[in-house]
Amino acid sequence: AVDYLVKVLPKLPNFFATRVTSRYEDPLPGADRAGRVGTTAIPHVVGTSKAVVLYRDGKEVVDAAPTKERKPSLQGNGLETKGTFGPILTTVIVDAAHSEMKFSHWETDDTPIAVFRYAVPKEKAHYQVSFQSIQAATKSLDMQQQSGYHGEVAIDAATGTIVRITVQADLDPGMPIARADIMVEYGAVEIGAKKYFCPVRSVALSRGPTILSVKDKFGGTLTYGPEMTRLNDVAFGEYHVFRAESRILPAYDDGAENKCDIAVQ
């Protein structure tokens, strides 16, 4: 697996893919006529978005396209993740290699898959969790901090290819986010007539309390409301490589004289 990261990933070409995200959320408090809050209701789709994701020089760049989404709720703009298309794989493996990593179990696929469990303490982690409110009155609750995390790495035993990683943040009590998890699956995709292992699907999940503004005769105050679960189900596809290809095509003009046309793709 280390050889795979050192020898294969640096040779990946600059490429881009389409990222389609389906967003799920708990219903907002009071949305259920029966009086049930989000903790007892089923998360539902609140919108989808489509973007072009670029992998350039080992870094992830997102070019947002028009989205089809519900108007953002007062609780926030939703769940956003960064790095799942590019650097998360190297980050997790490097952090885990300097922390605790142990064999867990075997899984059966076309080839045996070895699953390892790891745990990265906060002082060795390069994983950040943040919470940002869209309301000016609740900006004091915003946070962004480095977090320890744990999870699993699934490796093709024959080739060392990493086929899946999971990340579960170890969050401190009292934070506005109670859960922040990511799973990324990798599969063979064709880019420029060659096959590479790239992200094909990811799932990100967060859970934390909603923020409510309560008014009384003394004015108003902020308080935490029921917890809300947010989930992003992401599919990556339509991979293309950044490259110009040219070919010389013979052409004839009424049999008079030969010409050459150059087609660039």
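In the predicted model described here, Asp172 is partly exposed, with a relative accessible area of 36%. This residue forms a salt bridge with Lys122, in which the closest N and O atoms are 3.7 Å apart. The two partners belong to distant parts of the chain, since Asp172 sits in the loop between β10 and β11 (179-191), whereas Lys122 sits in the loop between β6 (112-120) and β7 (128-131), and 50 residues separate them. Lys122 is likewise partly exposed, its relative accessible area being 38%, a value that falls between the limits of 20% for buried and 50% for exposed residues.

The salt bridge between Asp172 and Lys122 is one of seven that the structure holds. Another joins the side chains of Arg230 and Glu25, with an N to O distance of 3.4 Å. Because Arg230 lies in strand β13 (residues 219-241) and Glu25 in strand β1 (residues 15-25), this pair ties together parts that are 205 residues apart in sequence. Arg230 is buried, with a relative accessible area of 12%, and Glu25 is also buried, with a relative accessible area of 5%; both residues count as buried because the cut-off for that class is a relative accessible area under 20%.

Among the salt bridges there is also the one in which the side chains of Arg164 and Glu107 meet, at 3.0 Å from N to O. Here, too, distant parts of the chain are linked, as Arg164 belongs to strand β10 (residues 162-170) and Glu107 to strand β5 (residues 100-108), with their positions 57 residues apart in sequence. In this pair Arg164 is buried, with a relative accessible area of 18%, whereas Glu107, at 28% relative accessibility, counts as partly exposed.

The chain as a whole provides the setting for these pairs. Its secondary structure comes to two helices and 15 strands, and the strands β13 and β1 that carry Arg230 and Glu25, as well as the strands β10 and β5 that carry Arg164 and Glu107, belong to this set. Of the 265 residues of the chain, 38% count as buried, among them Arg230, Glu25 and Arg164. When the contacts in the chain with a separation of 6 or more are considered, residues 24 or more positions apart account for 55% of them. With regard to the surface, the chain exposes about 15900 Å², of which carbon and sulfur atoms supply 53%.

Methods
Residues numbered from 1 in each chain as written. Predicted model: local features only at pLDDT ≥ 70, side-chain atom pairs only at ≥ 80, totals over all residues. Heavy atoms only, no water. Helix = DSSP H or I, 4+ residues; strand = E, 2+ residues; numbered from the N terminus. Buried < 20%, exposed > 50% of the residue type's maximum accessible area, 1.4 Å probe, protein only. Contact = heavy atoms within 4.5 Å. Areas by Shrake-Rupley, 256 points an atom, 1.4 Å probe, with all protein chains shown as cover. Salt bridge = Lys/Arg side-chain N within 4 Å of Asp/Glu carboxyl O.
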